[in-house]
Amino acid sequence: MFSEPFKIIFRRFVDRLTESGFLIISVALGVGAFAASGTLFVNVVNQNDELLNSPTYKEIVVSTRAEKETMEFPVEETLLSDDTILTQSDLNISQMIPSIDYAYIMNNTRLKMINESFINDSDNFQHSQQIKAINESSSNETHIDENSQQMELEDSFLDENIDDALNDKSIVKSDADEISGYEITFEFFDAWNLSTEYGSLFSTNDYSSTNSLIILGSELAKTLLDDDEDLSSLIGKRLLAMQGYQTIVGILEDSNSTYDYQFFLPYNDLANNIGFSQLRKNSMNTQLRFSVSDSTQLESVSSMLEQSFESEFGKNQVIISNPRFEAEQTVARNAGISILILLLAISGLFISSINIAHILLSRTLRMKKHVGILMALGATRKQINKLFSLEAIMIIVLGTVLGLFIAIPINRQMQSALNLTINSNWTILVSAFVSSILIFSFTLIPIRRFDRIKPADAMRVG
Amino acid sequence: MIDLKNISKIYDLAETKVKALNEVNIHIDRGEYIAIMGPSGSGKSTLMHILGILDTASSGVYELEGYDITTLADKEQARIRNNHFGFIFQSFNLFPELSAIENVMLPMQYANKSQKERKDRAVYLLNEVGLSHRFNHLPTMMSGGEQQRVAIARALSNEPDLILADEPTGNLPTDKGDEVMQILEKANKDGVSVVMVTHNPNQGKRAKRIINVRDGSIVLNEKEKGVKNV
């Protein structure tokens, strides 16, 4: 099956197992270190680029609440002022600053789900009965204070029996206890370039309507499907939640972002059903976001916004933050670390290549007589080169496979240490291939020694 | 078959030049059985290497079947060594990693013969040299005489025109050496030319022609029963 010259090389390889093993380990370490760090570097570059091009880092956030991370003594979130209330109308400031492309509100929110497990939980069930009882004897605008959270129930929810709703196929239920999403104003979708795959985005009227409407991210929508349904079947259906039925009007296209797992509700602080106390509560949570397309404008836009809000509310009444600044620091740190690690790995690869070439050289010199005999028996120099290359390839292939076993966990560890998304399978293969080619090029040095040798000279050895 | 014309070989050592062969002329016909004799360092092995294109001459012309092959490319030289010549060395030069049969099969690999052809021929040749019981033995498991018989089988594998044997019995006891000589003589009777370097006058006498080399020159080229042919 194998040719006789190959058998010579293979059997020598096996006979000198310790030496061959050291060669393979050298290759594995060189390739492993380079593949892990090369992949880290490529991912840092790509993800830094992605990070800085993300709309998150091209916008300025205005809020009345100091976030824990930005406080000098982070104890808990606090309101800067009891008097300052941010509303949708404050977004109009953007009209005075031409660099701002989009201005929108984006507030975190959650929906508590009603499902089988909710009912089976006796506390929840009693709680829901309590909600029902209260609602049956009160008006549509009743608010229940529960665990410091307002839960507003719609008309439709009150008219239905929960058990009936759970058995109604036309009503969508989630297995999750709660789902998270955002209340947004209409420019949010433009700023993030999000569009629907099924249904539609909110219309202008939806933002001022009292109907509870919801748009779902694609992955979240998939969790709500029965086995035999497709996503389009969800459009128009109602989602059962503690806060009331939410009518599904749209499902977003995949965006490969966290938004695929979120829902979106229309935000409107001017709607008729919001009283001052609710507006006050909303304001705690409200973040105005001003987005620019040219990130170099962020600083000037930030100072213009600061002046505008100062003139409206007074000094230090709102927090104006520029998330890009921190992102740029993170990006610079990650780039620095990955370059340093890459340089160390390249040094390691270079040293291991030289060592491998050196060991192969002495190994090849010991084979000099074999070369002479092979040539006497009819081998050309090209065939001899091929034969010895085969030995080098055998060592490099085994070393590279072993190197990948080293590289993959190390790379994952390094990426998670730098908070990078782990997405590196093809990059690690390419890096391993590149490093193995480099090592192979070094192994050609000893192999090429036989380029001009005469068979008679080769056979004189030993 | 072979014509060496005014062949010289000069080795460039560190500070001196050593003339190993000096204007040598040899003609070898098909079916000849030649013994090259002479003292150590006289140039016998160099002459053998040049005859087998294992080394190149510093000057002169090498003609094979009327074609000048002095300056052939490596690939062509390898093809000629593979197809036309069989080599036998004093130290056998078998590959210790290969079994007897694999050693015999190896030259046929370079002649692009199939696995089956190689194996059939190797089995035949090993039977011919009396090693039917040693096919799968490694050289280290065989005696010197057996190893040299494997080497002869290997030299005959591609049905060469000429066997070049460099002191083939030098490392063997007399009886084993005699066996080797008999196999070579049989090959010669079958039509293969044999050129053999030897120190042994008795073996020289068994050849049809003796070429005596001294200080890189041919001092005697004696063809059958003392007929000089320089």
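Select helices α3(B) and α4(B), which are oblique to each other, in this predicted model. The classification follows from the crossing angle: the axes of α3 (residues 100-110) and α4 (residues 115-128) of chain B cross at roughly 125°, and an angle that is neither under 35 degrees, nor over 145, nor within 65 to 115 counts as oblique. The two axes come within 9 Å, and the crossing of α3(B) and α4(B) is right-handed.

Next, display the side chains at this crossing. From α3(B), the contributors include Ile101(B), Val104(B), Met105(B) and Met108(B); from α4(B), they include Arg118(B), Ala122(B), Leu125(B) and Leu126(B). By class, the contact of α3(B) with α4(B) comprises 9 nonpolar, 1 polar and 4 charged residues.

Remain in chain B and turn to the sheet. Four strands form an open sheet in the order β2-β1-β4-β5, with antiparallel pairing. Select β2 (17-28) and β5 (67-68) of chain B: these strands stand at the edges, and each has a single partner strand, so one side of each lacks a neighbour in the sheet. Then add β1 (residues 2-12) of chain B, which is joined to β2(B) by 8 bridges in an antiparallel arrangement. Within this pair, Asp3(B) lies opposite His27(B) of β2(B).

Finally, show both chains. The contact between them draws 19 residues from chain A and 22 residues from chain B. On chain A, select α1 (4-15), α12 (368-376) and α15 (455-459), each of which supplies at least two residues of the side touching chain B. The most come from α1(A), with 6 residues. By class, this side of chain A has 9 nonpolar, 4 polar and 6 charged residues.

Key: Residues are numbered from 1 along each chain as its sequence is written. Chains are lettered from A and ligands numbered from 1 in the order in which they are written. This is a predicted model: local features need pLDDT of at least 70, side-chain atom pairs count only at pLDDT 80 or more; totals for chains, interfaces and linings use all residues. Two residues are in contact if their C-beta atoms, placed from the backbone, lie within 7 Å. Ala, Val, Leu, Ile, Met, Phe, Trp, Tyr, Cys and Pro count as nonpolar, Asp, Glu, Lys and Arg as charged, and the others, Gly among them, as polar. Two strands pair if DSSP finds at least two bridges between them. Axes are lines fitted to C-alpha atoms, for helices over the stretch in contact, and angles run from 0 to 180 degrees between N-to-C directions. A crossing is left-handed if the near helix is turned anticlockwise from the far one by less than a right angle, and right-handed if clockwise.
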